[in-house]
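Subject: Structure handover

Hello,

Here is the structure we talked about handing over. Please look through it first; my notes on what was found come after it.

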Amino acid sequence: RLAELAGARAEVITPIPAGGVGEVAAMVQSQRYNSPAREVEGREVARGTIVAVQALVGTTLVVKKLT
């Protein structure tokens with residue numbers, strides 16, 4: 001369920017360029033969900049980085065890099 005994605009952790013599988021869109025894979029209730037994603041502040045995020053899902057805007061996840 002898309003509502004369950006908020007707060008979920010995901011891995012960047014296609015790098016997110018600064019100000020652009022990449023792709024992430026999130027696990028929610030043992031199911032993998034791939035989605036286009038952008039970083040909440042428009043920063044670049046490298047492949048393999050673990051991020052937290054902040055929101056869903058249309059079909060794109062808004063994510064934040066975990067520190």
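Two strands count as paired if DSSP finds at least two bridges between them. By that rule S1 and S2 pair, in the antiparallel sense, over four bridges. One residue pair in this ladder is threonine 14 with its bridge partner in S2, glutamate 23. Please keep in mind that this is a predicted model.

The overall sheet

The strands form a closed barrel of five, in the order S1-S2-S3-S5-S4, and the pairing is mixed. On average, neighbouring strands of this sheet are turned by 55 degrees against each other, direction ignored.

S1, which covers residues 9–14, also pairs with S4, residues 50–57. That pairing is antiparallel and has three bridges. Within it, alanine 10 stands opposite valine 51 of S4.

The core

Which residues have the most contacts inside the largest nonpolar core? They are Ile16, Val24, Val51, Leu61 and Val63, in a core of 14 residues. Two or more residues each come from S1, S2 (22–28), S4 and S5 (60–65). S2 gives the most, with three residues. As background, nonpolar side chains in soluble globular proteins tend to be buried together.

Valine 24 is worth a look on screen. Leaving out residues up to four places away in sequence, valine 24 touches Ala10, Glu11, Val12, Ile13, Ile16, Tyr33, Asn34, Ser35, Ala37, Val51 and Leu61. Val51, one of these contacts, is also the residue opposite alanine 10.

Alanine 8

Alanine 8 lies in the segment before S1. Is alanine 8 buried or exposed? Its relative accessibility is 11%, and buried means under 20%, so alanine 8 counts as buried.

Again leaving out residues up to four places away in sequence, alanine 8 touches Val28, Val51, Ala52 and Val53. With one of these, alanine 52, the separation along the chain is 44 residues, while the C-alpha atoms of the two are separated by 5.7 Å.

If you open the model with one residue in mind, Val51 is a convenient place to begin: both valine 24 and alanine 8 touch Val51.

Regards

Note on methods: Residues are numbered from 1 along each chain as its sequence is written. This is a predicted model: local features need pLDDT of at least 70, side-chain atom pairs count only at pLDDT 80 or more; totals for chains, interfaces and linings use all residues. Side-chain values use heavy atoms; hydrogens and water are left out. Axes are lines fitted to C-alpha atoms, for helices over the stretch in contact, and angles run from 0 to 180 degrees between N-to-C directions. Buried means under 20% relative accessible area, exposed over 50%, partly exposed in between (1.4 Å probe, protein chains only). Contact means heavy atoms within 4.5 Å. A nonpolar core is a set of buried Ala, Val, Leu, Ile, Met, Phe, Trp, Tyr and Cys residues joined through side-chain atoms within 4.5 Å.
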